[in-house]
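Visitor: I should like a close look at a single part of this protein, namely its aromatic rings and what surrounds them. Please take me through that part in one connected account.

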Amino acid sequence: YYIKKVVLGGPVEYEITTTYYIEYANMNPETGELHNYINDATWREWVVTDWFVDRVWLFASESTDLTGKYNVQKEDLKTYFYGDLPSDVRIPISRVTTPDKELTSVLNEALQRAYFVFAEEHSEMSSIEIINETPVQEADKDVRLLRAIILGTVIGGFVAAFALSLRLIWD
């Protein structure tokens with residue numbers, strides 16, 4: 001697995017993570033309770049819907065030629081985006097991961113604009129703002145080193161036990 005992900009892992013990918021803060025219009029100011037909100041599964045699905053992809057494509061195309069300069073098609077955008085709501089329903093995150101550093105920045109800016117338009121068009125949100133944005137950085141490879149070590153130890157133990165049992169049987 002390590003060899004597959006690191007040695008043969010392909011080109012370097014770059015990513016930006018943006019954290020937003022949403023003020024919902026229907027929040028009870030006394031209790032802080034929300035009557036309507038968007039959950040984590042919905043954020044993950046929405047960020048790759050045609051609505052978001054169309055707007056990101058439009059916004060990004062205003063500043064650069066995606067098909068000519070980066071050889072990116074509109075359908076490719078769905079593989080570059082990730083949206084989540086890790087804990088608090090008011091703090092969604094978005095992540096843009098691409099094989100090009102500049103393209104990552106361009107798409108992240110376009111995705112941010114799409115989030116703002118999305119908030120304007122949905123009456124349950126009164127505002128949205130960016131509270132944190134990481135710089136463009138190399139995406140971490142998912143190497144799962146500890147799992148690989150444990151699995152290798154277990155498999156090695158079974159192979160050693162099998163080899164010892166064969167040796168005892170043949171003697």
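Guide: Two rings of Phe, Tyr or Trp are taken as a pair if their centres lie within 6.5 Å, the six-membered ring being used for Trp. The model is a predicted one. Ring pairs of this kind link Tyr20, Trp43, Trp46, Trp51, Phe52, Tyr115 and Phe118 into a cluster. Across the whole structure, a search finds nine aromatic pairs.

One of the pairs joins Trp43 and Phe118, whose ring centres are 5.8 Å apart. Planes under 30 degrees apart count as stacked and those over 60 as edge-to-face; the planes of Trp43 and Phe118 stand at 55 degrees, so this pair is tilted. Trp43 belongs to helix H2 (residues 40-46) and Phe118 to helix H6 (residues 101-121), so the pair ties together parts that are 75 residues apart in sequence. Burial is assigned under 20% relative accessible area. Trp43 is therefore buried, as its relative accessible area is 0%, and Phe118 counts as buried because its value is 3%.

A second pair to consider is that of Trp51 and Phe52. Their ring centres are 5.1 Å apart and their planes stand at 75 degrees, so the pair is edge-to-face. The two residues are covered to unlike degrees: Trp51 counts as partly exposed at 23% relative accessibility, whereas Phe52 counts as buried at 1%.

Another aromatic ring has a charged partner: the charged end of Arg113 sits over the ring of Phe59, 4.0 Å from the centre of that ring.

The surroundings of the cluster can be followed through Gln112, which lies in helix H6. Gln112 counts as buried, because its relative accessibility is 10%. Leaving aside residues up to four places away in sequence, Gln112 touches Thr18, Tyr20, Ile130 and Glu133. Among these contacts, Tyr20 is also a member of the aromatic cluster.

From there the account passes to strand E1 (residues 14-24), which is mostly covered, with nine of its eleven residues buried. E1 has several strand partners. It pairs with strand E3 (residues 93-98) in the antiparallel sense over six bridges, and within E3 the bridge partner of Thr18 is Ser94. Seven bridges join E1 to strand E4 (residues 125-133), again with the strands running antiparallel; here Thr18 stands opposite Glu133. Both Thr18 and Glu133 are thus bridge partners and also contacts of Gln112. Strand E5 (residues 137-138) pairs with E1 in the antiparallel sense over two bridges, and the bridge partner of Tyr14 in E5 is Glu138.

Finally, this part may be set within the whole protein. The protein has seven helices and five strands, and from the N terminus on these elements run α-β-α-α-α-α-β-β-α-β-β-α. Of its 171 residues, 30% count as buried. Among contacts with a separation of 6 or more, 74% are made by residues 24 or more positions apart. The accessible surface comes to about 10,700 Å², and carbon and sulfur atoms account for 54% of that area.

How values were computed:
Residues numbered from 1 in each chain as written. Predicted model: local features only at pLDDT ≥ 70, side-chain atom pairs only at ≥ 80, totals over all residues. Heavy atoms only, no water. Helix = DSSP H or I, 4+ residues; strand = E, 2+ residues; numbered from the N terminus. Buried < 20%, exposed > 50% of the residue type's maximum accessible area, 1.4 Å probe, protein only. Contact = heavy atoms within 4.5 Å. Areas by Shrake-Rupley, 256 points an atom, 1.4 Å probe, with all protein chains shown as cover. Lys NZ or Arg CZ within 6 Å of the ring centre and 35° of its normal. Pairing = 2+ DSSP bridges.
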